[in-house]
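Visitor: I'm new to this one. Can you walk me through it?
Guide: Sure, let's have a look.

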Amino acid sequence: MAEHRKVYLNGEFVSEQDARISIFDSAVMFGDMVFEMTRVYNHEPFRLRHHLERLYASLKVTEIDPEMSIDEMEEATLKTIEVNKECFPKGLDFQIMHNVSRGPLPNYVRLFPNGIKPTVTINCWPLIWHLGPHAHEYETGIHLVITPQQSVPARFLDPKVKNRSRLYYQIANLQAEKFEKNASALLTDENGFITEGTGNNFFLIKDGELFTPEGRNILRGVTRGAVIELADELGIPCHETNLEPYDLANADEAFITSTTIAIMPATKFNGMEIGDGKVGPMVKSLTDAFSEMVGVDIVAQAKEYMEEAGVSI
Ligand SMILES: Cc1ncc(COP(=O)(O)O)c(C=O)c1O
C-alpha cells in the first residue's frame, strides 16, 4: 500500500518515500511551519473548508505566504485525495495532512537555483495506526495527567496558530508517560487553569452540563466546535469557561476531542477516578450523536482498525 501513496510536494506528486524537505528549511531550523489535520469519514473530508480556513489564519499570523489561494489549496487537496484513491479501499478512512513553511532560509539560497519558495505538502495517511491502538479506550476511557510542563501563553506563542513548534507538547507527553504508560497529558496555563491536551481539546460534564476551557490559550479545535454545536442541538448547556484541576476531580464525566479520535472518554485523572470511573451516559450519547452526524460508527471503526493494525490488547 505504502509504495503507491503519493504526496503533493510544491505542486508535484511524488511517492511518499521521496517526499523530503531540505535540512535548511525554516521548518527544520525554527519549527517555522504551520499545519492542518483533516480526516475523512466514508472517504468524505469532514469540514475541510474549516480546516483550510484555520490553516490560512495560521499562515496570516505567521506571515508565511504559501503562494496559493485557499481555493487553490482546496483544489490541490481534492486532487491529492483523487491521486491516492486506489490506496484506500472502501472502509479504509484516512487523514489529510497539510504542512506549510516559509521554505529554505535565505542564507542557503545558492543551494536553490530556482530561488526560495514556500514548502507546501499535502498527504493522505491511513487511520488504522492512529485509531486501532486506541480502540479499547473508547470503552475503558483514558487516564489524563496534569503535567508540570504547562501551555505556552498565547502572548508568547499563540496556540490558536496550529504550528510545528511543539517541543513543549512532546515534553508534556514524556512526563505523562512517566506517570503511567499510555496516560494522556493535560496542560494548564500559568494561572493553573486547564487548557488542552497535546493534540486535543478538553471537556468535562457536571450535573448534566458541558464545560470546556474558553478559546484563549488553546487551539480552537474543529472537533471542539462540532461538539459544541451537537450539544446545542441536543439541548445540553455548554459553557466555555475557566476550569481548574479541582473541577475535573469533581466532574461526573470527561472527554477529549480531536480530528482523528473524534470523542474519547477520560475515566481517570492523576490516578483518581472521574465520576464512577466508567464511561458515562453523556459521553456515550455525544459519541452516538457524533457518529450519526459523520455517518460512521467511530467506536466500531476503531475496533475494525485494531484488527487491521495487528493490535492485541
Ligand atoms: C494542541 C491541539 N489542541 C487541539 C486539537 C484538536 O483540534 P481538531 O479538533 O481541529 O483536530 C489539536 C489537533 O491536532 C491540537 O494539536
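Guide: This is a predicted model. Let's begin where the domains meet. Across the interface of domain 1 and domain 2, the rule finds one salt bridge.

Visitor: Where does each domain run?
Guide: Domain 1 covers 2-126 and domain 2 covers 133-308. Their centres, taken over C-alpha atoms, are 26 Å apart.

Visitor: How many residues does each domain put into the contact?
Guide: Domain 1 gives 25 residues and domain 2 gives 26 residues.

Visitor: What area is buried between domain 1 and domain 2?
Guide: About 2100 Å². Carbon and sulfur atoms give 56% of that area.

Visitor: Why quote an area at all?
Guide: The size of an interface is often given as the accessible area lost when the parts come together.

Visitor: Which three residues supply more than any others on the domain 1 side?
Guide: Phe35, Tyr41 and Arg54. Together they supply 33% of the area that domain 1 buries against domain 2.

Visitor: Back to salt bridges. How many does the structure hold?
Guide: The count is 17 salt bridges. One of them joins the side chains of Asp32 and Arg102, at 2.7 Å from N to O.

Visitor: What does the pair of Asp32 and Arg102 tie together?
Guide: Parts that are 70 residues apart in sequence. Asp32 sits in the loop between helix H1 (26-30) and S3, and Arg102 sits in the loop between strand S5 (94-101) and strand S6 (119-126), so the pair links those parts.

Visitor: Got another salt bridge for me?
Guide: Try Glu229 and Arg47. Their side chains meet in a salt bridge at 3.0 Å, N to O.

Visitor: New topic: pockets. How much space lies in the largest pocket?
Guide: About 1000 Å³. Its lining has 40 residues. Closest to its centre are Thr198, Gly199, Asn200, Ser258 and Thr260.

Visitor: Which element gives the largest share of that lining?
Guide: Helix H6 does, with six residues. H6 spans 167-179. Other elements that supply at least two residues each include strand S3 (33-41), helix H2 (48-62), helix H7 (222-234) and strand S13 (253-258).

Visitor: Which domains does the lining of the largest pocket draw on?
Guide: Domain 1 and domain 2, with at least three residues from each.

Visitor: And how do the residues of that lining divide?
Guide: There are 14 nonpolar, 19 polar and seven charged residues.

Visitor: What about the second largest pocket?
Guide: About 270 Å³ of space lies there. Of its 14 lining residues, Asn10, Pro104, Phe112, Gly115 and Lys117 are the closest to the centre. The lining divides into six nonpolar, five polar and three charged.

Visitor: Now for closed spaces. How many cavities of 30 Å³ or more does a search find?
Guide: Two, across the whole structure.

Visitor: How does anyone find empty space like that?
Guide: Rolling a probe the size of a water molecule over the atoms shows where empty space is left.

Visitor: What's around the largest cavity?
Guide: The largest cavity holds about 70 Å³. Its lining includes Asp189, Phe193, Ile194, Thr195, Pro213 and Glu214. Arg216, Asn217, Ile218, Thr241 and Asn242 are also among the lining residues. The split is four nonpolar, four polar and three charged.

Visitor: And the second largest cavity?
Guide: That one holds about 40 Å³. Arg39, Tyr41, Phe46, His51, Val222, Thr223, Ser258, Thr259 and Phe290 line it. They divide into four nonpolar, four polar and one charged.

Visitor: Which elements supply at least two residues of that lining?
Guide: S3 and H7 each do. The lining of the second largest cavity also draws at least three residues from each of domain 1 and domain 2.

Visitor: Have I met any of those names already?
Guide: Yes, two of them. Tyr41 lines the second largest cavity, and Tyr41 is also one of the three residues behind that 33% share of the area domain 1 buries. Ser258 lines this cavity too, and Ser258 is among the residues closest to the centre of the largest pocket.

Notes. Residues numbered from 1 in each chain as written. Predicted model: local features only at pLDDT ≥ 70, side-chain atom pairs only at ≥ 80, totals over all residues. Heavy atoms only, no water. 1 Å grid on protein atoms, 1.4 Å probe; cavity = no way out; pocket = protein on both sides within 12 Å on 5 of 7 lines; lining within 4 Å. Points joined across faces, edges and corners; volume = space filled by probe spheres on them. Helix = DSSP H or I, 4+ residues; strand = E, 2+ residues; numbered from the N terminus. Nonpolar A, V, L, I, M, F, W, Y, C, P; charged D, E, K, R; others polar. Domains from an automatic or database assignment. Contact = heavy atoms within 4.5 Å. Buried area = accessible area lost by both parts, 1.4 Å probe. Salt bridge = Lys/Arg side-chain N within 4 Å of Asp/Glu carboxyl O.
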